[in-house]
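Hi,

Here is the structure I promised to pass on. Have a look, and my notes follow underneath.

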Amino acid sequence: CAPASAAPKFAHTIQPILTARCATTGCHVAAPPNSYPLLSDGVAWSALVDQPSRNLPALRLVTPGNLAASYLARKVLGQRISDRTSPMPEGCPEGPPAGGCLTGAEQAAIVAWVVAGAPNN
């Protein structure tokens, strides 16, 4: 049997993705203009995990272990959400923002992290 792969580490895998692709000027950073939630280093995990989505309060931004109930996972995968907002990062894939679009590997890491319970490690 092959050992189960470990969940991606938030600090070493997920936060760098959020910093590069999401916590950019005009998006999910503290400096205006900005968008909720703030995804900067040191605040992203607590801003995401078990926090309600402002656009669709029936979903948490990240529901540990549950992709279907996680707004973030659905946004990065481009799954249809009833609030009709665009996939994230906004503009992808047609018009990539300054930070660029998520790669398949980055999407997979975020999904694996959510499925693994969104640990803060």
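pLDDT is the predictor's confidence in each residue, on a scale from 0 to 100. You'll want that one because this is a predicted model, and where pLDDT is low, the predicted coordinates should not be read in detail. Here the chain averages a pLDDT of 87, with 94% of its residues at 70 or more. Among the elements, helix 2 (residues 44–48) has the highest mean, 96, and helix 3 (residues 71–76) the lowest, 89.

Now the rings. The count of aromatic pairs comes to one. Phe10 and Trp113 have ring centres 5.3 Å apart and planes at 40 degrees, so this pair is tilted; the tilted class covers what is neither under 30 nor over 60 degrees. The two partners sit 103 residues apart and link distant parts of the chain, with Phe10 in helix 1 (residues 10–21) and Trp113 in helix 4 (residues 104–115). Both rings belong to buried residues: Phe10 has a relative accessible area of 6%, and Trp113 has 0%.

There is also a charge over a ring: Arg54 lies over the face of Tyr36, 3.8 Å from the ring centre.

One more residue to click on is Val114, also in helix 4. Val114 is buried, because its relative accessibility is 0% and the cut-off is under 20%. What does Val114 touch, leaving out residues up to four places away in sequence? The contacts are Val62, Thr63, Pro64, Gly65, Asn66, Leu67 and Ser70. Val49 is 65 residues from Val114 in sequence, and their C-alpha atoms are 9.2 Å apart.

Cheers

Technical notes:
Residues numbered from 1 in each chain as written. Predicted model: local features only at pLDDT ≥ 70, side-chain atom pairs only at ≥ 80, totals over all residues. Heavy atoms only, no water. Phe/Tyr/Trp six-rings, centres within 6.5 Å; stacked < 30°, edge-to-face > 60°. Helix = DSSP H or I, 4+ residues; strand = E, 2+ residues; numbered from the N terminus. Buried < 20%, exposed > 50% of the residue type's maximum accessible area, 1.4 Å probe, protein only. Lys NZ or Arg CZ within 6 Å of the ring centre and 35° of its normal. Contact = heavy atoms within 4.5 Å.
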